[in-house]
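Welcome, and please take a moment to look over the sequence and the model below. The notes after them are a short guided tour for a first visit.

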Amino acid sequence: MPDTRNDPVVVIGLGRFGSSLAAELVRRGTEVLAIDSRPKVVQSMSGKLTHVVAADSTDPEALRQLGVPDFYRAVVAIGTDIESSILTTSLLVELEIEDIWAKAISRDHGRILERVGAHHVILPEHDMGERVAHLLNGRMLDYMEVDENYALVKTRPPRDYVGVPLGETNLRRKYGVTVVCVKGEYEEFTYAGADTVLGYGDVIIIAGKIEDVERFAELP
């Protein structure tokens, strides 16, 4: 598989998500071709992005004239116009873009984008809402879902597991979770091993199925 990290990226749709994504890519040194159908939006972003143009992304000829078929990666960041989002994604598939990312505003929208050929579907509002809900409802310090039923959680060690080497706790057998790394007070994160002993002021990162990490993070 070719290394495409520094290849140019097409970002279509300059709402809040598309604009922040395009600006961050540029900040990281990636060349961006940004496309939006609204001239005022394009004008407001003209000094912030590498190349930004006003064009109809549902017009295949417009995409060809802009050289979109020459790009390896494209992001469809169109917001609430679901029809344009789906049509644009399908046109990118027809233009044989090899790596298509598409923003969805619902799971149903996401499923349609996958059916028309998007390689990656992003649900930013849903994902952020889910993450905040986990943080509000428990003792978690941070939460990241890495698969449909698997997550990484940043939390504090339960009191029953402070002062005991991890190899003697049987956490994986009892709770189905693994302590991946630990950060002591005023220290940096380090990988956890069987001889790691947790302290009251530590922060740990655990991995496991969502229901298991939730259960473990609720332990006093």
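What follows is a briefing grouped by topic, from the sheet to the salt bridges and the surface. Please keep in mind that this is a predicted model. A good starting point is the open sheet, which is formed by 6 strands. Strand β2 and its residue I35 then offer a closer view of that sheet, and the later points turn to charged pairs and a few single residues.

**The sheet**

- The strands follow the order β3-β2-β1-β4-β5-β6, and their pairing is parallel.
- At the edges are β3 (51–54) and β6 (120–122), each of which pairs on one side only.
- On average, neighbouring strands of this sheet are turned by 15° against each other, direction ignored.
- In general, the strands of a sheet are held in pairs through backbone hydrogen bonds, and the pairing can be parallel or antiparallel.
- Strand β1 (residues 9–12) pairs with β2 in the parallel sense, over 4 bridges.
- Strand β5 (residues 99–103) pairs with β6, also in the parallel sense, over 3 bridges.
- To find the β5 and β6 pairing in the model, look for W101, which stands opposite H120 in β6.

**Strand β2 and residue I35**

- How many of the residues of β2 are buried? The count is 5 of the 5, so β2 is largely enclosed by the rest of the structure.
- As a general point, side chains in a regular strand alternate between the two faces of the sheet.
- In β2 both faces are covered, with V32, A34 and D36 buried on one side and L33 and I35 buried on the other.
- I35 is found in this strand, which spans residues 32–36.
- Is I35 buried or exposed? I35 is buried, because its relative accessible area is 0%, and the cut-off for buried is under 20%.
- Across from I35 on the neighbouring strand, I12 stands opposite I35.
- Setting aside residues up to four places away in sequence, I35 touches V10, V11, I12, G13, L14, V53, A55, L63, L66 and V68.
- For a sense of scale, I35 and K209 are 174 residues apart in sequence, and their C-alpha atoms are 39 Å apart in space.

**Salt bridges**

- The count of salt bridges in this model comes to 5.
- One of them joins the side chains of E24 and R28, at 2.8 Å from N to O.
- E24 is partly exposed, with a relative accessible area of 29%, whereas R28 is exposed, with a value of 62%.
- Another salt bridge links D36 and R38, whose closest N and O atoms are 2.8 Å apart.
- D36 is buried, with a relative accessible area of 5%, while its partner R38 is partly exposed at 40%.
- R215 and D212 form a salt bridge as well, with their closest N and O atoms 3.6 Å apart.
- Both R215 and D212 lie in helix α8 (residues 210–217), where they are 3 residues apart, about one turn of the helix.
- R215 counts as partly exposed at 41% relative accessibility, but D212 counts as buried at 16%.
- Salt bridges that share partners also join E24, R27 and R28 into one network.

**More about D212**

- Which residues are in contact with D212, leaving aside its neighbours within four places in sequence? They are Y175, G176 and V177.

**A nonpolar patch on the surface**

- M144, V146 and Y150 make a nonpolar surface patch of about 270 Å².
- V146 lies in strand β7, which covers residues 142–147.
- V146 counts as partly exposed because its relative accessibility is 43%, and partly exposed residues fall between 20% and 50%.

**Residue S90 in helix α4**

- S90 lies in helix α4, which runs over residues 82–94.
- S90 is buried, with a relative accessible area of 17%.
- The C-alpha atoms of S90 and L113 are separated by 8.2 Å, although the two residues are 23 residues apart along the chain.

Notes. Residues numbered from 1 in each chain as written. Predicted model: local features only at pLDDT ≥ 70, side-chain atom pairs only at ≥ 80, totals over all residues. Heavy atoms only, no water. Helix = DSSP H or I, 4+ residues; strand = E, 2+ residues; numbered from the N terminus. Buried < 20%, exposed > 50% of the residue type's maximum accessible area, 1.4 Å probe, protein only. Contact = heavy atoms within 4.5 Å. Pairing = 2+ DSSP bridges. Axes fitted to C-alpha atoms, helices over the stretch in contact; angles between N-to-C directions. Salt bridge = Lys/Arg side-chain N within 4 Å of Asp/Glu carboxyl O. Patch = residues over 30% accessible without salt bridge, like charges linked within 9 Å, V, L, I, M, F, W, Y side chains within 5 Å. Areas by Shrake-Rupley, 256 points an atom, 1.4 Å probe, with all protein chains shown as cover.
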